[in-house]
Amino acid sequence: MSYRVEPFSRSDARDTELAATLRKSIGERRDRRVVVLTGNIHARVESGVPWDASFVPMVAQLRALEPKLTIVALNAVHRGGNTWACISTSHDIAPKCHT
């Protein structure tokens with residue numbers, strides 16, 4: 001399943017849409033395990049991030065919507081290397097993608 005949604009002006013609004021899309025997909029597969037590959041911010045199980053205490057990530061929202069759902073979130077880290085990312089310096093500036 002793909003859970004890409006259009007960007008919003010606030011990233012927590014985007015995570016709300018991501019959580020709703022994921023919840024719908026999981027609802028159709030209650031008898032199976034679902035593996036979701038996502039960035040570490042979206043996968044956080046608790047609200048708040050260093051730059052915004054009110055931010056509610058996708059998995060935290062999903063956990064609130066589905067409290068009986070077993071969720072395991074892994075935070076993979078590395079010792080360096082290359083990355084591909086789209087980064088914006090402001091909510092009103094389109095992100096620039098680069099390696």
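Helices, as the word is used here, are DSSP runs of H or I that span at least four residues, and they are numbered from the N terminus. With that in hand, the reader can turn to the model, which is a predicted one, and follow its elements in order.

The secondary structure of the protein consists of two helices and two strands, and when these are read along the sequence they fall into the pattern α-α-β-β. The protein has 99 residues, of which 23% are buried, where buried stands for under 20% relative accessible area. Its accessible surface amounts to about 7,900 Å², and carbon and sulfur atoms account for 53% of that area. As for how the chain meets itself, if one takes the contacts between residues at least 6 apart in sequence, 40% of them join residues that are at least 24 apart.

From the overall picture, we move to one feature, the second largest pocket, which holds about 810 Å³ of space. Its lining is made up of 25 residues, and those that lie nearest the centre of the pocket are Val-34, Val-35, Val-36, Ile-71 and Val-72. In chemical character, the lining of this pocket divides into 16 nonpolar residues, five polar ones and four charged ones.

Which helices each supply at least two residues of this lining? They are helix H1, covering residues 11-27, and helix H2, covering residues 58-65. Of these elements, H2 provides the largest share of the lining of the second largest pocket, with three residues.

Key:
Residues are numbered from 1 along each chain as its sequence is written. This is a predicted model: local features need pLDDT of at least 70, side-chain atom pairs count only at pLDDT 80 or more; totals for chains, interfaces and linings use all residues. Side-chain values use heavy atoms; hydrogens and water are left out. On a 1 Å grid over the protein atoms alone, a cavity is a set of points where a 1.4 Å probe fits but cannot get out, and a pocket is an open set with protein on both sides within 12 Å along at least five of seven lines; lining residues have an atom within 4 Å of a point. Grid points are joined across faces, edges and corners, and a volume is the space filled by probe spheres set on the points. Ala, Val, Leu, Ile, Met, Phe, Trp, Tyr, Cys and Pro count as nonpolar, Asp, Glu, Lys and Arg as charged, and the others, Gly among them, as polar. Buried means under 20% relative accessible area, exposed over 50%, partly exposed in between (1.4 Å probe, protein chains only). Contact means heavy atoms within 4.5 Å. Accessible areas come from the Shrake-Rupley method with a 1.4 Å probe; for residues, only the protein chains shown count as cover.
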